[in-house]
Every structure is written in C-alpha cells, then in structure tokens.
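This report covers one protein chain, from its overall properties down to single residues. The sequence and structure come first.

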Amino acid sequence: MENILQIEILEKAYEARSKKVNKIEKVKELKDPMQAFEQIAEYAKAGYDSIPDEDKKYFLKCFGIFDKDGLTPKQFMMRVRVKGGHLNAMQARKIGKIAKEFGQDYIDITTRAQIELRFINIEDMPAILHGLEEVGLTSYQTGVDNFRNIVTDPLDKDGFDNVLPSISLLKKIEESFLKNPEWISTLPRKFNTGISGSLANRCNIFGHDCSLVLAQKDGIYGYNMFLGGRVGMIAKNADIFLANEEEVLKAYGALVEIFKKYGFRDNRNKNRLHFLIDAVGMPEIAAAIREVASIDFASAGETMTQINPVDSEHGKVQLRDGSFGVQVIVPSGIFAGSELIKVAQLSEEHGNGEIRFSVEQNIYILGVKDTNTFLQNEFFNKYKNVNTPYFNNIVACAGTKHCSFGVIENKEDAIAMSTYLGTAVPLESGRVRMYWSACVKGCGTHEIGDIGFEGCKAKVNGTTEDGVHITIGGKIVSEGKNGYTVIKSAPLRFARYFVETLMLEYKKLRLKNESFENFHDRVLREYSHAYIGFYMQLQAYLRAKNISIDFDINKVVKTGKNEEFELFELGRKIYFALAKQEPYSAYSRFTNENPREKLQSIQKLVPDIDENISILLEKMLASDISKRAVVFSELTPLLSLA
C-alpha cells in the first residue's frame, strides 16, 4: 500500500503540472530525432539553407550539432562525447585532425570533460561523424533533452586515492541509453550524471542530477546516491546506499524511468529532476526508486569523497604503477587541434598513450615515468605544468563569443583576471578555484568555486556595461556546498580590484599550505556576506586613491554576523587608523556609551582626508544614532571607482 501511495504522489504532482506543455515538447512531436540525423548527408549535399528550422533549433542538437548562425554564419558547433573524460592517443589525434581540417584548429575543453569543435560547415559533417566513429567516439545525445556526458575521476583506477574503479560501471550505465532510440530526446530535460569511487573529488561529484558518490556502510564500499543537482543547487542525499554494480544499474534505471514518466514538461526552466524532487519530497522519490527497481536498497552509508585534490599545485601525481599523471594547465579550456595532436604524440612517447580531461578544463597525460625529461619539452613553454594559483584551477564556460546565452565574453575575462592577480598579488603556492559562468545558466559552475563569477550587466554612472555577481565559499568536498554572493553587479572592469583585496588578505593571513577554501572557513565565514563585499570594495577604493591604512579584514571583532555591529566596529577601526585616536571615549556594545558625546570630525584631525572617506566615517559613526548607517549597502555608492 505504501509503495502504491508513492506512485500516486508522483502522478498527482505530474498531473498538476501537465495542463500545458512547453514549445520544445511540441517540437518533439514533429518527428523522430533519428530522421534528422539520417538526413545529414543530404543536408551536406544541399547546403545549410536546406536544413529545416526544427532540425537547426532542436533535432540536430540531440546529436551534439548546434546551429551557430547568429555567431558564425551558417556554421555549427559540435560537442564530442568523451566518456568520463577518458580517451587514448589515437582518439585525441583524430579529434585534433578534425579540428585542424574542419574547425579552424579550435577546441574547447568543457566542464563535463569533453570536447567542443567550432566553425563547422554542414558540408563537412558526414566526414567528421565518420571520423569520430572510426575511433569509437560519438556526438550522440550531448545536447537538449538527453543524458549528457557522464563524468568521473580522470585518474579513476590509476589513482592511489581510488577505492572503487568506476569507468567500467560508467560505460555500463551509458550502454543503457546511448544510441538507444527509446532514450533519444525522450526526457523532460537534460540529465547530468557523475560517478566517483575516489576519496578525492576531481569531478564536481555533487553537481549533477544523479551523483553516485563513494561511500562505506557496514564495512562494504559502494555508492551513496545524491539527487537533484543543477545550477545553483548541490545534489542532496537520497538516503540510498548501492552496494555493487548490479544495484547501481537497477537504481539508476529506476530513477530515469521515474524522471521520464513523471518529470514535468511545462516550464523548461523548472523541468529538471530537482523540481520533481522539490514537488514530492526526497523520501518519496527514494521510495519510488526502491519500488520501480524491486529492491529495498539500504539507507545511505558514510560519504567518503572528502578530500580536495592538490594535483594542480604539484603538476603531477603518482599513479599506482609508479608512473605519474602529469597535468597540462589549459586556461579557460581554450585549446587547439594541433596542440591536441601534440598531446597525443607526447603521451605515446613519454606515457602510456592514455589522456584525461578534467572538469576544470585541464589535461592529464598518464603513465609518464621520467617527468624531468618530459617537462623539458617545448610544449610546456606555452601550456604550463604548474601555473600560478590563479590559473591552476580556473573554469570558464563559452561566453558571448561562442554562446548566444552569454552576457559577458567570459573566457578571456577569466584569463585577464588571473593574469592581473598573478602580478598584483603573486603567490608562490596556494589553491584558489576561480569559476566563471557567462550567464545565469551557470555552465562554469561558478556557485561551487572558492570565488565565483556570474556574468550580468552593471550600471556605471547611468550607463550599462559588462558586470559580474561575485560569490565566495563554494565547496566540492564533504557533501558539497554552494557559495554566497558578496557583491552583486560589480562592473567587470573593476572586479579584479575587488578580488585583489581578498587575495591580499589571503596572502597576509593564510597559514602554511592553507588553501583559500580553508582560509575562508577559518577567517571569512566569521563575518556577514555584506561585510566581506564592502571590505573588498573599500580596500579597492583606498588603493585607487593611494590611501594607506594598515588594516586586516579580521581586525573587526567577531560580531555574530550582526551587520550593524560590524559596520560600527569597522568605522571605529578606520577612524583610529587615520586619526590615531578613538572616535568616542567609551562603548556599550556597538554604540558610544555616552549618547551626548559628539563625534569629532575626521576632517579636523586629518585635514587632507579623502572627502568620500570623511562622509563614510560620519555615516558609520554619527553621534545621532538615528542618522547612523545600519547596513553596508547605504555606503557602497561612496566607494565608486568610476
């Protein structure tokens, strides 16, 4: 009876959202997607203008072929599926040759550890598809309402921190839907999957619709199932432990059947698995999975993926056979076909012919025994093995140059930020994950970065220009955590100066070998989001005006994140730093003890003080409490860099 009730709950939730369907669902009714795929050879002969609109706008996307006419006239982007980011030298060489011959030698490494080729003409599409199939690659189901590329630990079974090798299980999951007409374009929305049997999180494992995460229960290693991840939302524990491959395949199969049947098909912005879970509850979804699979899966075990990988700081990591996986840093994932051919050659000459892409858009070359000789190759003059901490872990999605949804250029913006910080605040070591998304869709996974950037528009003196929302505090370990916004709509041209403030604090106050994530947890999280954002802007303003104040972000006493308290305490500290005296003689918590005592004007004590700083302090410390600022947003206009 209980199981029947679970299905009834799903049916009622589906019916409540089924009064109308979105436009894409109506497009799907026009034809079988395979009809469009089978017409590619004819389209190649007849040319771009012969392709029906529904194929350009939807059906070809089912096979990773994206019309980019608005950005590069009459050309396409093709997304190549790379299982778990794992490929061999032969496959890498083939992709490189295709990019050189048909795609202006351009390649993007994506945040799902696969490849995007650009500037493709329809006339060349049959040859490209045939070339990929020759080496066991495909572009199938890499767009729209399909199972996207499954990610896993790029090192997997070769890594010392791997407990359960997962790539073979990944392939078994993929076999159930890849090139299967029952699953091509039949889901309500895209479906992202991650699986990791490692202690270190190298694949953003908590950021997927379905995340299968290394766990232990009753002495058995298996996977905990986390569900409902999407942009801005970490997957949540479904309280299901899967003890072996058979259970994984049964649970996964049940989950996708449920999503296919009961997933919402009305508002595409609210059709991901997350919204079905939100509508009925995780316990109900978990119960339905058990019912459909006909297995009473155990409750969740202890999640074991709790280590931050540090490979990028060292540029190499020892593998189980004694050889090394050597990293290649690819800023923003911008690469070239000719360079991938070179990677294939290097992997054969110095490694075991195995290459891996990471979700941070970098490359591992596996099986390298003599790393010293290997790293002397001129290739590493252009692509560093170890770059600055600002480059080692940056992520950036396509941006306006290659994506119609982009609000900012993004990739070059990320590179410019990292370049600037490397000069302004040089760090010999450290780990700072800066993740960039060009728009609210969040393909750059900005919400889980140590510092995240989401493209937006900002107004400066009444004029609209490129901007970013800046977040901090994202995590990829334990059970993952989204960051929080500290500055909204920061003008992009000034964002580097705000982040510079954080990096100066990190450099001054960090402990030995402390990552920015740990620095955040030890120092920054003691303060309100508003205080951190205001401090970032304040110090940028002071540097721009050449005003020197010896002051650290944590000099303000812990206030329990009470913004009014923080504001007053910060005002006190700035006033004292400038005037060398306290603004008031005594204090009662966050105000002056004697309400009749008047604030002495900072201008009298420091005659040449910047006018905006003078006004700022008056608003922070005003004798008349009713005129005193109580939130930082009242003061930020005084810190404009324009």
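## Charge and surface

The chain carries 82 positive and 85 negative side chains, and the centres of these two sets are 3 Å apart. The model is a predicted one. The chain exposes about 25800 Å², of which carbon and sulfur atoms supply 48%.

## Overall fold

The secondary structure consists of 23 helices and 20 strands. Along the principal axes, the C-alpha atoms occupy a box of roughly 80 × 65 × 55 Å. A compact globule of 642 residues would have a radius of gyration near 26 Å, and the 27 Å of this chain therefore agrees with that expectation.

Of the 642 residues, 60% count as buried. Among contacts with a separation of 6 or more, 69% are between residues 24 or more positions apart.

## Helices α11 and α17

Helix α11 covers residues 282-293. Its 12 residues should span 16 Å at 1.5 Å a residue, and the end C-alpha atoms are indeed 16 Å apart, so the span agrees with the expected value. The buried residues of α11 include Met282, Ile285 and Arg290, together with Ala286, Ala287, Ala288, Ile289 and Ala293.

Helix α17 runs over residues 411-424, and its 14 residues reach 20 Å from the first C-alpha to the last. This is close to the 20 Å expected at 1.5 Å a residue. Buried positions in α17 are Lys411, Asp413, Ala414, Ile415, Met417, Ser418 and Leu421.

## Two residues with positive phi

Most residues other than glycine have a negative phi. Ser294, not a glycine, has a positive phi of about 60°. Ser294 comes just after α11, in the loop between α11 and β10 (302-303). Its relative accessible area is 66%, over the 50% cut-off, so Ser294 counts as exposed.

Thr445 also has a positive phi, near 50°, in a residue other than glycine. Thr445 sits in the loop between β17 (434-437) and β18 (451-460). Is this loop residue buried or exposed? Thr445 is buried, because its relative accessible area of 16% is under the 20% cut-off.

## Strand β2 and Met77

Met77 belongs to strand β2, which is made up of residues 76-80. With a relative accessible area of 3%, Met77 is buried. Which residues does Met77 touch, leaving aside those up to four places away in sequence? They are Gly64, Ile65, Phe66 and Lys68, and also Glu116, Leu117 and Arg118.

Asn121 is 44 residues from Met77 along the chain, and the C-alpha atoms of Met77 and Asn121 are separated by 9.0 Å.

## Pro126 and Glu38

Pro126 is part of helix α7, residues 125-134. At 30% relative accessibility, Pro126 counts as partly exposed, because this value falls between the 20% and 50% cut-offs. Not counting residues up to four places away in sequence, Pro126 touches Ile40, Ala41 and Ala44. Between Pro126 and Gly560 there are 63 Å from C-alpha to C-alpha, for two residues 434 apart along the chain.

Glu38 lies in helix α3, residues 33-38. Glu38 is exposed, with a relative accessible area of 56%. Val330 is 292 residues from Glu38 in sequence, and their C-alpha atoms are 36 Å apart in space.

## The segment after α23

Ser626 is located in the segment after α23 (611-621). Ser626 counts as exposed, at 65% relative accessibility. Arg17 and Ser626 are 609 residues apart in sequence, and their C-alpha atoms are 50 Å apart in space.

## Summary of the residues

Grouped by exposure, Met77 is buried at 3% relative accessible area and Thr445 is buried at 16%. Pro126 is partly exposed at 30%. Glu38 is exposed at 56%, Ser626 at 65% and Ser294 at 66%.

Terms used:
Residues numbered from 1 in each chain as written. Predicted model: local features only at pLDDT ≥ 70, side-chain atom pairs only at ≥ 80, totals over all residues. Heavy atoms only, no water. Helix = DSSP H or I, 4+ residues; strand = E, 2+ residues; numbered from the N terminus. Rg over C-alpha atoms; globule rule 2.2 N^0.38 Å. Buried < 20%, exposed > 50% of the residue type's maximum accessible area, 1.4 Å probe, protein only. Contact = heavy atoms within 4.5 Å. Areas by Shrake-Rupley, 256 points an atom, 1.4 Å probe, with all protein chains shown as cover. Lys, Arg positive; Asp, Glu negative; His and termini not counted. Charge placed at Lys NZ, Arg CZ, Asp CG, Glu CD. Expected span 1.5 Å × (residues − 1).
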